Amino acid sequence: MPIRLKVYVNEDDALLFWSIPKPIPECRGFAIQRHIKRKGKKKTEEDFLVNRTGFENDDKTNGKPPGTKPSTEWPFQRFSWTDHDAQTGDIVSYRVIPMIRNANGDLEQQEAEASEWSTDRTLGITKGQFKPFFNRGFVMSQFMSRFLKERKLTLPEFKKLIRDQDDRTIRHFLSGDLRLALLNELESAAKERGQVFAALFELSDDELIEALGKLKGNANVVLANGSVQKEKGETSADARRRDENEAARKRLLKKGVDVKVEKDNRFISPGALGHNKFLVRTDKKGKPISVWTGSTNWAPTGLCTQVNNGILIENPAVAAVYLEQWHALREARSAFPKPFVAANSQPKPVGKEASGKPRCVVWFTRTTKQVDLAALQAEVNKAKQGILFLMFMPGAKGLLARVFERSSEPDFYVRGVVSTLPNGLGDESQVDVSLVDGTERK
């Protein structure tokens, strides 16, 4: 029985998973053969994906390993791979071939066990009302390591070069389709004479500030004061008057953008954070059209160095829920009044499936008694086959602990990425966890 291969694509990458029905004698890994028709090209090319990791006894050059070799020479010694070389609009298909070591010690392709060619897939934006977008950020760690070394740049020096007026090539590469999709929302509002209602935590990216400024009075912004740290001898009230977004706020005010100042806005740091990152777009009559949300801060680092996502929801009903929340944030100013928290503590179902269940449910924070996390844990409990998760600085108790508990269940697949593993969680071998530096703990 040949190898089984599954291929998944988004707008920027192709992800491959494969499995073998039984061990293959003398197998040293797998070659990945690719058919690719580049966007705008008529001809389909055939090649083998390259690998940067060779065998232990491979020759070294000046103490350093050679750069890359085709996977027929340096096979992939794993059962998954991401093709970062494919781009939006490319059409791809793949075949996975076992590489065995023959009696002469040479590598050769085991064609009898090779997978079938996968179905042609086109890399592009997801269809439907819910469209995810991703940047590249430093997930391209090997690429960025070489980039910084070739240009003799430290990381702080590089971060100064990713504003839009500087090195546009690397900025555009790292920000990917996420930046383009966000700019398109702002440009569409300007072109259609609609309005935008943004609630933002950080705002320092010149290109995004300019795009908001072009909307003038049709841009309405609730802008927090960032992540202010209390200095020695300073009261919380004094610290809360400081504004990490001061420069952006002044620029927007000069353009006529509706963005309030200290007493009328979300100046809640230090302590709590005004961690909102969403934008609602309406038509010229004020009817909600879409909402942009996700993990991306509107800063050069958010677009380019941190690994982030954006979600464009082209559903007027969902957009209306976010617009109502925007007005609630504006009204709450720098506080968490009881009516605001009480409203956040109720799930907001939108639409109905044929089964009668909600099409989606929207939650906002802060809530009472962590009812939002309880709802998320209920989803974890419902999972039947597996759980994939991403978490930023999770605690030792609660959601991550429950995920770890489920990882001990027979035939239940759990895999996740966390920024920092908490202390006291127990045996890390319960689940595969990748840290943000790319290392794995098993």
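**Notebook: cores, buried residues and backbone exceptions**

I began with leucine 203 in this predicted model. Beyond its neighbours within four places in sequence, I found leucine 203 in contact with Ile209, Leu212, Leu223, Asn245, Ala248, Leu252 and Trp298.

I then looked up the core to which leucine 203 belongs. The largest nonpolar core has 36 residues, and Leu186, Leu203 and Trp298 touch the most other members. I listed the elements that each supply at least two residues of this core: helices H1 (141–150), H3 (168–191), H4 (206–214), H6 (246–254) and H7 (300–304), together with strands S12 (195–200) and S13 (219–223). H3 gives the largest share, eight residues. Another core, of 21 residues, lies apart from it; I noted Ala319, Leu323, Trp326 and Phe340 among its members. As background I recorded that nonpolar side chains tend to be buried together in soluble globular proteins.

**Overall dimensions**

I counted eleven helices and 23 strands in the chain. I compared the radius of gyration, 25 Å, with the value near 22 Å for a compact globule of 442 residues, and the two agree. Along the principal axes, the C-alpha atoms fill a box of roughly 80 × 55 × 50 Å. Buried residues account for 41% of the 442 residues. I took contacts between residues at least 6 apart in sequence and found that 62% of them join residues at least 24 apart. The accessible surface is about 24,800 Å², and carbon and sulfur atoms hold 51% of this surface. For the charges, I noted that the mean positions of the 71 positive and 58 negative ones are 6 Å apart.

**Three buried residues**

I looked up tryptophan 292 in strand S16 (residues 288–294). Its relative accessibility is 1%, so tryptophan 292 counts as buried, the limit being under 20%. Leaving aside neighbours within four places in sequence, its contacts include Phe133, Leu178, Ala181, Leu182, Phe278 and Ile311. I also checked its separation from aspartate 106: the two are 186 residues apart in sequence and 53 Å apart in space, C-alpha to C-alpha.

Tryptophan 74 sits in the loop between strand S6 (69–70) and strand S7 (80–83). I found tryptophan 74 buried, at a relative accessible area of 3%. Its C-alpha atom is 8.0 Å from that of alanine 31, and the two residues are 43 apart along the chain.

Asparagine 315 is also a loop residue, placed between strand S17 (309–313) and helix H8 (316–332). With 11% relative accessibility, asparagine 315 is buried. Outside its neighbours within four places in sequence, I found contacts from asparagine 315 to Gln129, Ile289 and Val350.

**Backbone exceptions**

I recorded first that most residues other than glycine have a negative phi, and that most peptide bonds are trans.

The peptide bond from serine 269 to proline 270 is cis, with omega near 10 degrees. I located proline 270 in the loop between strand S14 (258–259) and strand S15 (277–282). The bond from threonine 365 to arginine 366 is cis as well, with omega near 5 degrees. Arginine 366 is in the loop between strand S19 (358–362) and helix H10 (371–382).

Glutamate 26, not a glycine, has a positive phi of about 65 degrees. I found glutamate 26 in the loop between strand S2 (14–19) and strand S3 (27–37), partly exposed at 44% relative accessible area. Methionine 393 also has a positive phi, near 50 degrees. Methionine 393 lies in the loop between strand S20 (386–391) and helix H11 (399–407) and, at 56% relative accessibility, counts as exposed.

Definitions and conventions
Residues numbered from 1 in each chain as written. Predicted model: local features only at pLDDT ≥ 70, side-chain atom pairs only at ≥ 80, totals over all residues. Heavy atoms only, no water. Helix = DSSP H or I, 4+ residues; strand = E, 2+ residues; numbered from the N terminus. Buried < 20%, exposed > 50% of the residue type's maximum accessible area, 1.4 Å probe, protein only. Core = buried A, V, L, I, M, F, W, Y, C linked by side-chain atoms within 4.5 Å. Contact = heavy atoms within 4.5 Å. Rg over C-alpha atoms; globule rule 2.2 N^0.38 Å. Areas by Shrake-Rupley, 256 points an atom, 1.4 Å probe, with all protein chains shown as cover. Lys, Arg positive; Asp, Glu negative; His and termini not counted. Charge placed at Lys NZ, Arg CZ, Asp CG, Glu CD.
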